[in-house]
Amino acid sequence: MNRSELVAALADRAEVTRKDADAVLAALAETVGEIVAKGDEKVTIPGFLTFERTHRAARTARNPQTGDPIDIPAGYSVKVSAGSKLKEAAKGK
C-alpha cells in the first residue's frame, strides 16, 4: 500500500475528505519526526507502534570489495517497535 492508497483508506474509514486525511497523516509524520529528532523522549501509540531515537557507537567495518577497514562514525538511528495489537494483526488474529 502506498501513501495515496493509505490516504484513501483513512478517508473512507474516518468519513472525511482525502485532503483532510492527507493533512492528518502529514501532521503525524511531522510531529513524530520532530520528537524523534530531539531524542529526549519516545513516541508511543498504545497497541500500535513505538518510535525511539537510538545511539549507534562508532565502529570499524570492512569494504566488501577490497577488504580494507572503514571507520564508521557514531550516529543516531530510529528504532520502531510493533505494539501488541499490531503483532496480533500480523498473526492473522
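Which residues form the largest nonpolar core? That was my opening question for this notebook, and I kept in mind that I was looking at a predicted model.

**Entry 1: the core**

I found 5 residues in the largest nonpolar core, namely V32, V36, V43, L49 and F51. I then looked up where they come from: helix 2 (18-38) and strand 2 (49-56) each supply at least two residues of this core. As background, I noted that nonpolar side chains tend to be buried together in soluble globular proteins.

Next I picked one core member, V43, and asked what it is in contact with, leaving aside its neighbours within four places in sequence. My list for V43 reads V32, I35, L49, T50 and F51.

**Entry 2: the domains**

How is the chain divided? I wrote down domain 1 as 1-38 and domain 2 as 39-92. For the contact, I noted 5 residues from domain 1 and 7 residues from domain 2. I also looked up the C-alpha centres of domain 1 and domain 2, and they lie 23 Å apart.

**Entry 3: the salt bridges**

How many salt bridges are there? I got a count of 2, and I took them one at a time.

One joins the side chains of D22 and R3, with 2.9 Å from N to O. I liked this pair, as it links distant parts of the chain: D22 sits in helix 2 and R3 in helix 1, 19 residues apart. Is D22 buried or exposed? D22 counts as partly exposed because its relative accessibility is 31%, and partly exposed is the class between under 20% and over 50%. R3 has 43% relative accessibility, so R3 counts as partly exposed too.

The side chains of K91 and E88 also meet in a salt bridge, at 3.8 Å from N to O. Here I noted that K91 counts as exposed because its relative accessibility is 57%. E88 is at 33%, so I put E88 down as partly exposed.

**Entry 4: the surface**

Finally I turned to the outside of the model. Which residues form a nonpolar patch on the surface? I found M1, L6 and L10, with about 300 Å² of accessible area together. I followed up on L10, which lies in helix 1 (residues 3-14). L10 has 37% relative accessibility, so I recorded L10 as partly exposed.

**Looking back**

My page now holds a core that includes V43, a D22 and R3 salt bridge linking helix 2 with helix 1, and a nonpolar surface patch that includes L10.

Notes
Residues are numbered from 1 along each chain as its sequence is written. This is a predicted model: local features need pLDDT of at least 70, side-chain atom pairs count only at pLDDT 80 or more; totals for chains, interfaces and linings use all residues. Side-chain values use heavy atoms; hydrogens and water are left out. Patches are made of residues with over 30% relative accessible area and no salt bridge: like charges are joined within 9 Å, nonpolar side chains (Val, Leu, Ile, Met, Phe, Trp, Tyr) within 5 Å. Accessible areas come from the Shrake-Rupley method with a 1.4 Å probe; for residues, only the protein chains shown count as cover. A salt bridge is a side-chain nitrogen of Lys or Arg within 4 Å of a carboxyl oxygen of Asp or Glu. Helices (H or I, at least four residues) and strands (E, at least two) are DSSP runs, numbered from the N terminus. Buried means under 20% relative accessible area, exposed over 50%, partly exposed in between (1.4 Å probe, protein chains only). A nonpolar core is a set of buried Ala, Val, Leu, Ile, Met, Phe, Trp, Tyr and Cys residues joined through side-chain atoms within 4.5 Å. Contact means heavy atoms within 4.5 Å. Domain bounds come from an automatic or database domain assignment.
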